[in-house]
Protein chains: 2
Amino acid sequence: MTKTQEPTITSVTDLPTSDAKWLTLQQIAYVDQTGKPRTWEVAARKTRADSSGGVDAVAMGNIILHPSRPPATVLVIQYRPPLDAYTVEWPAGLVDEGESVEKAAVREFREEIGWECEVVSLSPVQAADPGMSSATMQMAMVEVRLGERDDPLALPEQRLEDGEHIQRVVVPLAELYQKLSEYSARERTIVAAKLFHFAAGMEFTRTMGKQYGLSG
Amino acid sequence: MTKTQEPTITSVTDLPTSDAKWLTLQQIAYVDQTGKPRTWEVAARKTRADSSGGVDAVAMGNIILHPSRPPATVLVIQYRPPLDAYTVEWPAGLVDEGESVEKAAVREFREEIGWECEVVSLSPVQAADPGMSSATMQMAMVEVRLGERDDPLALPEQRLEDGEHIQRVVVPLAELYQKLSEYSARERTIVAAKLFHFAAGMEFTRTMGKQYGLSG
């Protein structure tokens with residue numbers, strides 16, 4: 001990356017489905033619960049691996065543990081053309097052909113963040129945006145265990161693919177909701193819904209847990 | 001709804017963007033941070049209201065409060081052709097032209113659930129699936145306050161549009177994560193990522209909050 005400038009959209013054109021490489025638009029004809037024929041429009045990824053068990057992508061909810069610092073999480077901020085904005089997300093990526101979801105999580109985390117992580121749990125398959133698309137994902141909860149001498153703010157080198165420009169930010173877990181709210185107020189910046197919902201769920205239990213009987 | 005049968009897909013065909021009513025596929029040409037021209041494929045909704053401030057949809061994170069029962073939330077289960085499965089979601093809907101997001105939340109909640117609700121907070125705008133689509137949403141946190149004689153399991157009549165078949169389930173908040181995990185294990189059933197992430201964030205703070213210093 002030799003120079004840095006604000007990304008700028010130069011054109012937006014309708015894309016014939018036959019020319020699209022990554023996505024497609026489909027019409028589904030179906031018979032509903034009452035026996036009536038209906039149709040539904042859907043956006044789909046063309047890249048789902050046959051070996052994936054029906055999963056397009058994995059996102060890494062991650063915990064950075066350091067012996068003497070508060071537990072933190074690392075977020076990625078990148079320009080996303082579909083929004084013409086910088087998005088704040090957990091690192092994520094598509095699952096490659098022949099690759100397990102856990103392996104994809106470790107690989108993508110290494111590429112985007114630079115650290116080796118350990119998968120501690122894997123969520124069920126979730127529907128990314130079920131009214132509009134067939135895209136699915138799983139969340140891998142991963143941990144990075146740093147040593148006393150590791151500086152969680154001195155991030156290691158990334159292994160990004162050509163065209164990827166990804167900024168990393170390390171946020172203490174206890175401040176996650178507050179930081180996402182601050183990012184949302186910035187110009188040309190938008191938080192991804194999955195990450196925001198996780199943080200909102202944390203904040204909900206933190207603030208309402210006692211009153212609603214949700215504490216551990 | 002005179003009879004009930006399993007919905008069945010009869011065909012899936014490529015949909016020319018010119019024939020699509022709800023969605024479209026676009027190619028974005030842009031200049032990246034280094035000055036290099038690039039392209040990105042995006043799925044977009046055609047229905048965003050000019051008056052919406054850039055928001056397609058609203059989802060209703062909801063709390064059902066009853067004087068002598070534990071706080072609960074109501075979920076909707078419906079057949080979603082894009083997944084060919086029943087999805088478990090919070091009630092949600094598109095924002096109409098000229099309608100505020102809060103008004104859309106109250107209207108959609110009334111239509112899908114049948115209860116009047118009060119909006120207690122509104123999230124920032126969030127990107128639904130930012131690598132793939134331009135779709136955006138806000139989460140309205142809403143409350144329904146029932147009286148002592150109201151039975152939260154005796155749900156009122158829905159006002160559904162033609163073709164909508166939506167089952168409602170009331171789940172105690174303290175059991176939300178567990179119930180979603182159970183739904184995920186059912187055949188032909190998938191939980192929406194936003195709802196699952198909120199519940200996972202709740203569960204994370206419940207189980208790890210003390211250890212990680214996240215408690216209120």
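A residue is taken as buried when its relative accessible area is under 20%. By that yardstick, 56% of the 216 residues of chain A are buried in this predicted model. The chain folds into three helices and twelve strands, and its C-alpha atoms fit in a box of roughly 60 × 55 × 40 Å along the principal axes. Its accessible surface adds up to about 9500 Å², and carbon and sulfur atoms account for 47% of that area. If we look at contacts between residues at least 6 apart in the sequence of chain A, 58% of them link residues that are at least 24 apart. As for charge, chain A carries 22 positive and 31 negative charges, and the mean positions of the two sets lie 3 Å apart.

Now for how the two chains sit together. A turn of 180°, with a shift of 0.0 Å along the axis, lays chain B on chain A with an RMSD of 0.0 Å. The two copies are therefore related as by a two-fold rotation axis. Both copies also use the same surface, since 100% of the contact residues of chain B recur in chain A.

One residue that takes part in contacts across the two chains is A:His197. This histidine belongs to helix α3 of chain A, which spans residues 193–212. Setting aside neighbours within four places in sequence, A:His197 touches B:Gln126, B:Met137, B:Met139, B:Lys194, B:Phe198 and its own counterpart by number, B:His197. A:His197 has a relative accessible area of 1%, so it counts as buried.

On the chain B side, strand β10 (residues 136–145) makes a handy reference point for the sheet pairing. Nine of the ten residues in this strand are buried, so β10 of chain B is mostly covered. Strand β4 of chain B, residues 57–66, runs parallel to β10(B) and pairs with it over nine bridges. Within that pairing, B:Ile63 has B:Glu143 as its bridge partner in β10(B).

Two further strands pair with β10(B), and here the sense is antiparallel. Strand β8 of chain B (residues 118–122) is joined to β10(B) by four bridges, the two strands running antiparallel; B:Leu122 is matched with B:Ala140 in β10(B). The short run β9, residues 126–127 of chain B, is also antiparallel to β10(B) and is held to it by two bridges. There, B:Ala127 has B:Thr136 of β10(B) as its bridge partner.

Finally, a couple of loop residues in chain B deserve a look for their backbone angles. B:Asp84 has phi near 50°, a positive value in a residue that is not glycine. This aspartate falls in the loop that connects β5 (69–80) to β6 (85–89) of chain B. Its relative accessible area is 31%, so B:Asp84 is partly exposed. B:Arg188 is another non-glycine residue with a positive phi, in this case about 55°. The arginine is found in the loop between α2 (176–184) and β12 (189–192) of chain B. With a relative accessibility of 27%, B:Arg188 likewise counts as partly exposed.

Conventions:
Residues numbered from 1 in each chain as written. Chains lettered and ligands numbered in written order. Predicted model: local features only at pLDDT ≥ 70, side-chain atom pairs only at ≥ 80, totals over all residues. Heavy atoms only, no water. Buried < 20%, exposed > 50% of the residue type's maximum accessible area, 1.4 Å probe, protein only. Contact = heavy atoms within 4.5 Å. Areas by Shrake-Rupley, 256 points an atom, 1.4 Å probe, with all protein chains shown as cover. Lys, Arg positive; Asp, Glu negative; His and termini not counted. Charge placed at Lys NZ, Arg CZ, Asp CG, Glu CD. Least-squares fit on C-alpha atoms with pLDDT ≥ 70 in both. Pairing = 2+ DSSP bridges.
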